[in-house]
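Trainee: Got a minute to look at something with me? I'd like to get my bearings on this one.
Mentor: Sure, pull it up and ask away.

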Amino acid sequence: MTTLTLVRGDITQQSADAIVNAANSSLLGGGGVDGAIHRRGGPAILEACRALRAGHYGKGLSTGRAVATTAGRLDARWVIHTVGPVHSTTEDRSELLASCYRESLRVADELGARTVAFPAISTGIYGWPLDDGARIAVETVRATVAAGSAVTEVRFVVFDDRAYAAFAAHLPDISK
Ligand code: AR6
């Protein structure tokens with residue numbers, strides 16, 4: 001049984017088995033959640049990402065995929081890096097965004113993570129409308145855990161009131 005929870009805050013302050021990073025395909029850092037995770041988690045995360053780039057991920061991580069590294073100094077065992085799609089008004093990339101949540105949970109299950117914290121992937125620098133991003137996040141996580149997962153808690157960690165309201169609208173069991 002997996003519980004979906006919602007908190008407002010900085011994802012780098014969370015305690016969880018795995019913290020998901022809204023990365024880019026270079027895996028070498030950026031702004032937003034990605035910048036914050038590398039800053040607070042320290043150099044071990046970038047070192048692990050560089051090792052991935054030197055190995056199986058020579059061309060980087062494709063959009064919609066996920067891969068885990070150490071969490072460095074974060075209060076977590078792993079960071080699961082995933083690459084959200086840049087929002088487009090001419091092309092429907094929803095399936096790629098859904099894939100980020102699905103693949104991250106698959107990696108979490110492979111690792112044996114029981115608690116997983118997700119940011120609102122693609123809804124910042126990548127420009128995805130918050131309400132739609134929240135809907136895809138919640139629907140995909142629900143469907144993925146319903147198909148079988150040992151993850152006990154999926155926690156959505158959002159930065160502000162607007163994002164909180166967007167996720168809460170799709171999580172009727174959350175007290176507002
Ligand atoms: N904790 C929780 N949520 C946050 C935090 C935080 N510390 N910081 C931002 N958010 P973004 P993306 C929210 O831009 O859209 C990077 O440069 C933010 O308000 O982090 O997937 C990468 O390297 C928004 O709702 O990720 C990529 O190049 C959500 O987290 C690119 O940005 C995601 O915003 C990825 O863009």
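Trainee: Which elements each supply at least two residues of the shell around the ligand?
Mentor: Those are β2 (18-23) and α1 (32-41). Keep in mind that this is a predicted model.

Trainee: And where does the largest share of that shell come from?
Mentor: From α1, with four residues.

Trainee: OK, how many residues surround the ligand, and which are the closest?
Mentor: There are 22 around the ligand. The closest are Asn24, Gly31, Val33, Asp34 and Thr123.

Trainee: What's the mix by class in that shell?
Mentor: You'll find 11 nonpolar residues, nine polar ones and two charged ones.

Trainee: Let's talk contacts. What does Asn24 do with its side chain?
Mentor: One of its polar side-chain atoms lies 2.7 Å from an oxygen atom of the ligand.

Trainee: Which backbone atoms should I look at?
Mentor: Try Ser122, where a polar backbone atom is 2.8 Å from a ligand oxygen. Then there's Tyr126, with a polar backbone atom 3.0 Å from an oxygen of the ligand.

Trainee: How much of the ligand's accessible area does the protein cover?
Mentor: 89% of the 700 Å² that the ligand has on its own.

Trainee: Switching to pockets: where does the ligand sit?
Mentor: In the largest pocket. That pocket holds about 630 Å³ of space.

Trainee: What lines the largest pocket?
Mentor: It's lined by 28 residues, and Gly32, Val33, Ala120, Gly124 and Ile125 lie nearest its centre. The elements giving two or more residues to the lining are β2, α1, β6 (153-158) and α5 (161-168).

Trainee: Which of them gives the largest share?
Mentor: That's α1, with four residues of the lining.

Trainee: Last one: how do the lining residues divide by class?
Mentor: Into 15 nonpolar, nine polar and four charged.

Methods. Residues numbered from 1 in each chain as written. Predicted model: local features only at pLDDT ≥ 70, side-chain atom pairs only at ≥ 80, totals over all residues. Heavy atoms only, no water. Near = heavy atom within 4 Å. Polar contact = N/O pair within 3.5 Å; in protein donor to acceptor, adjacent residues only side chain to side chain. Areas by Shrake-Rupley, 256 points an atom, 1.4 Å probe, with all protein chains shown as cover. 1 Å grid on protein atoms, 1.4 Å probe; cavity = no way out; pocket = protein on both sides within 12 Å on 5 of 7 lines; lining within 4 Å. Sits in = over half its atoms within 2 Å of the grid points. Nonpolar A, V, L, I, M, F, W, Y, C, P; charged D, E, K, R; others polar. Points joined across faces, edges and corners; volume = space filled by probe spheres on them.
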